[in-house]
Number of protein chains: 2
Amino acid sequence: MTMHDASIISQDCSDCPIRHRAVCAKCESDELTQLEEVKYYRSFQAGQTIVFQGDRMDFVASVVSGIATLTQTMEDGRTQMVGLLLPSDFVGRPGRNEAAYDVVATTDIVMCCFRKRPFEQLMAKTPHVGQRLLEMTLDELDAAREWMLLLGRKTAREKIASLLTIIARRDASLNLSGDANSLTFNLPLTRDAMADYLGLTLETVSRQVSALKKDGVIELKDKRTIHVPDMQILLSEAGDDADGGIF
Amino acid sequence: MTMHDASIISQDCSDCPIRHRAVCAKCESDELTQLEEVKYYRSFQAGQTIVFQGDRMDFVASVVSGIATLTQTMEDGRTQMVGLLLPSDFVGRPGRNEAAYDVVATTDIVMCCFRKRPFEQLMAKTPHVGQRLLEMTLDELDAAREWMLLLGRKTAREKIASLLTIIARRDASLNLSGDANSLTFNLPLTRDAMADYLGLTLETVSRQVSALKKDGVIELKDKRTIHVPDMQILLSEAGDDADGGIF
DNA sequence: ACTTTCTGTTGATCTGTGTCAAAGCGCGCG
DNA sequence: CGCGCGCTTTGACACAGATCAACAGAAAGT
């Protein structure tokens with residue numbers, strides 16, 4: 001069986017601004033037509049909570065534009081971000097009813113949703129959709145476990161460098177700019193959100209960003225626009241071993 | 001389509017000491033017979049590395065007896081345990097060739113293995129096996145994300161309490177002893193392994209275990225045998241909100 | 001233009017956990 | 001038996017990052 005690598009529904013999901021990378025694309029069977037019928041769009045404002053932890057979640061979705069975060073919360077209010085949803089990312093847990101964490105829009109965001117039940121029925125009938133979803137879930141699991149290494153063992157400076165590396169890589173792979181070694185990108189998170197993702201406080205984040213700037217590893221055009229003169233230096237600051245992706 | 005909840009191969013996998021909870025059980029189709037043919041057992045000694053990060057891994061397996069750990073390593077040698085394999089747990093990444101982390105036997109361990117290629121072929125043919133595997137992967141993802149909260153935001157004492165809670169819960173659900181509120185179990189990890197799992201040093205682990213003992217939250221029969229007089233107290237020490245499982 | 005609010009920076013101080021070091025078990029092995 | 005080795009405990013001290021606090025700039029509302 002060949003695995004396709006493109007969008008969830010069709011090669012030309014004409015009314016989606018992006019081609020969802022979520023599930024399998026190149027199939028034009030009846031089931032996909034079925035699924036088209038239960039597709040709908042939702043948009044949310046920056047700061048809005050899309051789903052609360054424990055809520056019944058009756059859809060799965062992929063991000064069309066904007067950014068959202070997955071956050072877990074303790075009784076006393078401490079929070080830890082456990083995932084970041086960027087355009088083309090998939091969210092939703094087929095087979096599960098309750099959301100395991102809060103999903104919060106960081107910027108204004110548009111999502112392409114599918115009602116869960118029909119989606120699950122499609123999965124049961126067409127194995128390759130399930131396969132693709134399993135692959136995606138394994139990717140998320142890998143990412144989560146790398147993040148565990150970061151949270152448990154990296155210093156504040158390494159954490160910041162790692163986060164910047166990831167954002168930079170995502171940005172570069174979407175915009176595929178020519179120059180691979182020096183690049184400028186937009187950091188779509190507040191210092192507070194970064195702290196939340198990295199298991200730090202916002203003050204520590206601010207200090208370490210300043211330190212990286214002072215040491216010439218990064219430059220700040222404005223507070224949210226980062227220029228990296230030499231990606232290799234940032235990578236070594238991150239403390240990762242041989243990085244798979246680009247760079 | 002009904003989802004089964006028992007073992008990977010059959011209800012009576014006669015030569016496996018346990019019933020694997022790994023995949024789907026109650027099916028008696030030809031495919032399962034096929035799979036029986038590629039099943040084999042491997043045992044490893046305590047301390048032995050079963051797979052190295054980056055190695056080609058040509059099998060999937062479930063743990064029959066014993067314990068293993070999943071560990072990620074940085075260039076400079078810092079390590080973070082990202083998962084714990086207890087009896088009936090599944091390990092392996094269908095569709096992936098390389099292991100993403102080291103798998104190390106903590107105790108002597110026996111695993112029931114299946115050659116990966118035939119296993120994948122089975123998955124492609126029988127959707128419910130893939131479904132089950134997706135479910136299991138989602139469970140692992142949930143566990144990983146809860147662990148991220150622990151690593152990023154919990155204090156050393158809370159970390160210890162959380163770990164004990166998890167081991168206790170696993171133990172209780174396997175042995176289903178009558179008394180739910182007070183129980184004794186075996187902690188199959190060295191202080192060093194605990195530290196590795198919790199993102200701490202072994203000295204801190206030792207100190208916090210002593211502190212919990214002094215405060216009467218736990219009692220130590222010997223260094224590896226823990227008695228919890230009142231599970232509720234341990235739970236509140238762990239800082240978790242409303243716990244799903246037993247307890 | 002003025003205030004308010006939100007975001008980010010920087011400083012001073014405190015504290016939890018890491019680091020380094022020593023010593024106490026318990027157990028297998030010669 | 002006693003020796004050595006792996007695991008654990010405990011102590012003294014250092015330091016990274018948290019906490020508390022003040023302030024600066026930018027955007028938004030009045």
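Of the 17 residues around DNA strand D, those that come nearest are A:A156, A:T204, B:R191, B:S206 and B:R207, where a residue counts as near a strand if one of its heavy atoms lies within 4 Å of it. This is a predicted model, in which local features need pLDDT of at least 70, side-chain atom pairs count only at pLDDT 80 or more, and totals for chains, interfaces and linings use all residues. Residues are numbered from 1 along each chain as its sequence is written, chains are lettered from A in the order in which they are written, and side-chain values use heavy atoms, with hydrogens and water left out.

**DNA strand D**

- Sugar or phosphate supplies 66% of the strand D atoms within 4 Å of the protein, and bases supply the rest.
- A polar side-chain atom of B:S206 is 2.7 Å from a phosphate oxygen of DNA strand D; a polar contact is a pair of N or O atoms within 3.5 Å, and within protein one must be able to donate a hydrogen and the other to accept it, while residues adjacent in sequence count only if both atoms are side-chain atoms.
- An N or O atom in the side chain of B:S210 lies 2.9 Å from a phosphate oxygen of DNA strand D, and for a polar side-chain atom of B:R224 the distance to a phosphate oxygen of this strand is 3.2 Å.
- The elements that give two or more residues to the surface near DNA strand D are α6 of chain A together with α5 (191–198) and α6 of chain B; helices (H or I, at least four residues) and strands (E, at least two) are DSSP runs, numbered from the N terminus.
- α6(B) gives the most to this surface, with 4 residues.
- By class, the surface near DNA strand D has 2 nonpolar, 7 polar and 8 charged residues; Ala, Val, Leu, Ile, Met, Phe, Trp, Tyr, Cys and Pro count as nonpolar, Asp, Glu, Lys and Arg as charged, and the others, Gly among them, as polar.

**DNA strand C**

- Around DNA strand C there are 16 residues, of which A:R191, A:R207, A:S210, B:T204 and B:R207 come nearest.
- Of the strand C atoms that come within 4 Å of the protein, 63% are accounted for by sugar and phosphate.
- A phosphate oxygen of DNA strand C lies 2.5 Å from a polar side-chain atom of A:R191.
- Base nitrogens of DNA strand C are also approached: one is 2.9 Å from a polar side-chain atom of A:R207, and one is 3.1 Å from an N or O atom in the side chain of B:E203.
- Two or more residues of the surface near DNA strand C come from each of α6 (202–214) of chain A and α6 (202–214) of chain B.
- The largest share of that surface is from α6(A), with 4 residues.
- The residues near DNA strand C divide into 2 nonpolar, 7 polar and 7 charged.

**Interface of chains A and B**

- In this interface, 47 residues of chain A are in contact (heavy atoms within 4.5 Å) with 47 residues of chain B.
- The two chains bury about 4,600 Å² between them, 55% of it on carbon and sulfur atoms; buried area is the accessible area (1.4 Å probe) that two parts lose on being put together, summed over both.
- In chain A, the residues that lose the most area to chain B are A:R145, A:M148 and A:R153, together 18% of what that side buries.
- The interface holds 12 salt bridges, each a side-chain nitrogen of Lys or Arg within 4 Å of a carboxyl oxygen of Asp or Glu.
- One of the salt bridges joins the side chains of A:R145 and B:E140 (3.0 Å, N to O).
- Between chain A and chain B, 22 residue pairs are in polar contact, with both residues at pLDDT 80 or more.
- On the side of chain A that touches chain B, two or more residues come from each of β4 (68–73), β5 (79–85), α2 (116–125), α3 (127–153) and α5 (191–198) of chain A.
- α3(A) gives the most to that side, with 20 residues.
- By class, the side of chain A that touches chain B has 21 nonpolar, 10 polar and 16 charged residues.

**Relation of the two copies**

- A turn of 180° and a shift of 0.1 Å along the axis lay chain A on chain B with an RMSD of 0.0 Å, with superposition by least squares on the C-alpha atoms of residues with pLDDT of at least 70 in both.
- That is the relation of a two-fold axis.
- The same surface serves both copies, as 100% of the contact residues of chain A recur in chain B.

**Salt bridges over all chains**

- The whole structure has 26 salt bridges over all chains.
- Within chain A, the side chains of A:D89 and A:R170 meet in a salt bridge (3.4 Å, N to O).
- A:D89 lies in the loop between β5 and β6 (90–91) of chain A and A:R170 in helix α4 (residues 156–175) of chain A, so the pair ties together parts that are 81 residues apart in sequence.
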